[in-house]
Amino acid sequence: MISISSKLSGALLLAAGVAIGALPSPDALAQARDIKIGAPLALTGPLADEAKKQEVVWKMWLEKVNAAGGINVGGTKSKVQLVQYDYQSDGQRAAQLAEKLITDDKVDFLLSPFGSGHTKIVATIATRYETPVIACAASSESVFDQSSKFLYGTLSPNVGLFTPMIKHFREKLPSLKKVAVLGRDDVFPKATAQGISAAAKAAGLDVYYDQLYAVGTMDHSASLSAIKRGNPDWVYVTGYTQDLILARKQMQDLGVKAPIITMLAGPAYKEYIDGLGNLANGITSSSWWHQATSYKGVGVWPTTESFYSEFVAKEKSDPDYVHASCAAATVLLQDAIERAGSIDKKKVSEALAKTDISTFYGPIKFSPNGMNQPRDLPIIQVQDKAVKVLAPSDIKNGDMALIK
Amino acid sequence: MDYLQTLVNGIVLGTLYACLAVGFSLVWGVLNVINMLHGSLIIFGGYLTYFAWHSYGIHPLLALPAVSLLMFAIGYLTQLTMINRVVNQPVLTTLTLTFGLDLILYNFMTVYYTATPRRVTLDLGVVDLGGVVIPFDRLLGMALALILTGILYLMMKRSKIGRAIVAVRMDSAAAALMGIKVNSIYAITFGIGSLMAGATGAIFAMVYPVTTNLSGAYLGKAFVVCVVGGLGSVQGALVGGIVLGIIESFAGQFFGPQHALTVGFLLMLVLLVVRPTGLTGVKGYE
């Protein structure tokens, strides 16, 4: 009886073994299905414009990838789906939708929303569920301070905005001494205001005015009057486009003058220049990307020019760094999946950590905290209502003009 | 001279605040409706003005009457067809309705116009009064704000419609018995509130960027001005606006711009405790 039972068990095991051998592996099964990428987007509310920039380039990438048959996952092409929800610029809702995307829609990866604040919220959820998330519009290092193995950002740290700029401005204005800093009391604008202030002090400059203004401020007269009294050589203002337009106009109204006026990230955006007209001329800024660069690399856009021309043909306007960084995020994700040969979240996350690639947007290689490694970022200036790149020297297409 | 400049900055800013609050105050005082739509109506007026200037070259001052009348019609119809149905319900019901309408208008504008800040780039220069500088567009805004609130004040005091609005405000049942068509007066009142929002939008288009991002800031400011000045009166909105403007201006100078708004809100809280009828102490349009 025992021997019959043993033989039966053996036969069953043999049959099972044959059956398992005939079946595709779990990885292969996974590769056969579409890859789902989740995206909580602020399509309505105050961040709607920025979210639309993300949506435009992600859909451009999606069309190109799927037209080519999909992403190559271990030799099999998988089509890609983008599952997106509007979180109405409400951080709490962004968290709820990130959770829904992971648990209900079963997305494989996430693309994070615009801004450091909302990125941090979504990244916390993604880390909890061990889902890789790529941030394309978050540059505050505080977002990346939680040692998450699943969060990677294409923007390099804010610090790259300050030191090269101070060095460049000192070369152009050797008498540069008195600096006034006015920043919006909000995650990214506050971090940049504090960053430039610290860097300027470290460089021996006299930061005689260093203040933040509250979100919702409708008048900068008091701050600007105080700045005017100090006769600044350099005025540095941070905020969102509507704040910067108002501040620049009030500077003109109140007669606040300086040879160098920097606004972050105003001149990087076309709407800033359109909203100010001639008042935008002379304003300097930093940007993480500009179309004057000429990078080559992996992905659906092999050169900066190919991305730029395709974008202009589609949108009838120039892309800014948000467009480029977010497009690069998708190129990065595709590259990581292809290198991993799998859509397993942990394997892709490991591949992301090992990234060392060149793209149309520039090099992408991550620091241990998941941020793209620091590099000298383009310093730009509006001249005749057009953006000129002043530095680094290998991509410059204009010389700095001091404001008279 | 610095203090004088700060004072002038505050007065000019305050009249702009009065301008944005007076329509809100009227609707709240007469209809007992907290009009959550008010900020978006100002923005909508701003967009109409901006596109009249941008697309057809119409100066904002010329566009202002047409924009205001159009906004009156929109407000009148909104009240007549929707808000009148619930106007006698508890204030939370009308607040919820106007909140819903605000979501629709706000998101319509964000989708249709995008939230991209736009500006009427006229840059009219400044007026220099012995070293005290006033931007001409703000001065124009201040003058228009004073004229509009003045007209509204006179209308409420002298015209038949104004007296009817006051009568409805005091006792709607008695007003109805006197032959006043209460629903029509409600609609006219809401229409005037919207007209003032539209006019404010036209003025603000010359001073501030036009973007839906500012809708909430305008609504919040209208709240504070009404509480500070006294709810439901033209003079209350004017006094509240100017006081708030001056306080924010000096607070920005003494405590830093980060705390200017906080001081304004603190003033509101103090007044709610010690003088709930606001600085003017006037209740309604008597």
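This is a short walk through a sheet, a helix and a nonpolar core in a predicted model.

Okay, let's start with the sheet in chain A. We've got an open sheet of 5 strands, paired in parallel, and the order is β4-β1-β5-β6-β7. Which strands sit at the edges? Those are β4, residues 80–86, and β7, residues 151–153, and each of them pairs on one side only. From one strand to the next, the twist averages 25°.

Zooming in on one end, β6(A), residues 133–135, runs parallel to β7(A), and 3 bridges join the two. If you want a residue to click on, take A:I134: its bridge partner in β7(A) is A:Y152. Then there's helix α3 of chain A, residues 48–67, which lies across β1, β4 and β5 of that chain and runs at about 165° to β4(A).

Over to chain B, and helix α2, residues 38–56. With 19 residues at 1.5 Å each, this helix should span 27 Å, and its end C-alpha atoms are indeed 27 Å apart, so the two agree. α2(B) is mostly covered, with 14 of the 19 residues buried. Right after α2(B) comes B:G57, with a positive phi near 70°.

Last thing, the core. The largest nonpolar core has 218 residues, and the ones touching the most other members are A:A327, B:A18, B:A21 and B:V225. Helix α8 of chain B, residues 182–207, gives the largest share, 16 residues. In chain A, domain 1 and domain 2 both contribute residues, so the core lies between them. As for A:A327, leaving out residues up to four places away in sequence, it touches A:V57, A:M60, A:W61, A:W301 and A:F307.

Definitions and conventions:
Residues numbered from 1 in each chain as written. Chains lettered and ligands numbered in written order. Predicted model: local features only at pLDDT ≥ 70, side-chain atom pairs only at ≥ 80, totals over all residues. Pairing = 2+ DSSP bridges. Helix = DSSP H or I, 4+ residues; strand = E, 2+ residues; numbered from the N terminus. Axes fitted to C-alpha atoms, helices over the stretch in contact; angles between N-to-C directions. Contact = placed C-beta atoms within 7 Å. Expected span 1.5 Å × (residues − 1). Buried ≥ 20, exposed ≤ 12 C-beta atoms within 10 Å, placed from the backbone. Core = buried A, V, L, I, M, F, W, Y, C linked by C-beta atoms within 7 Å. Domains from an automatic or database assignment.
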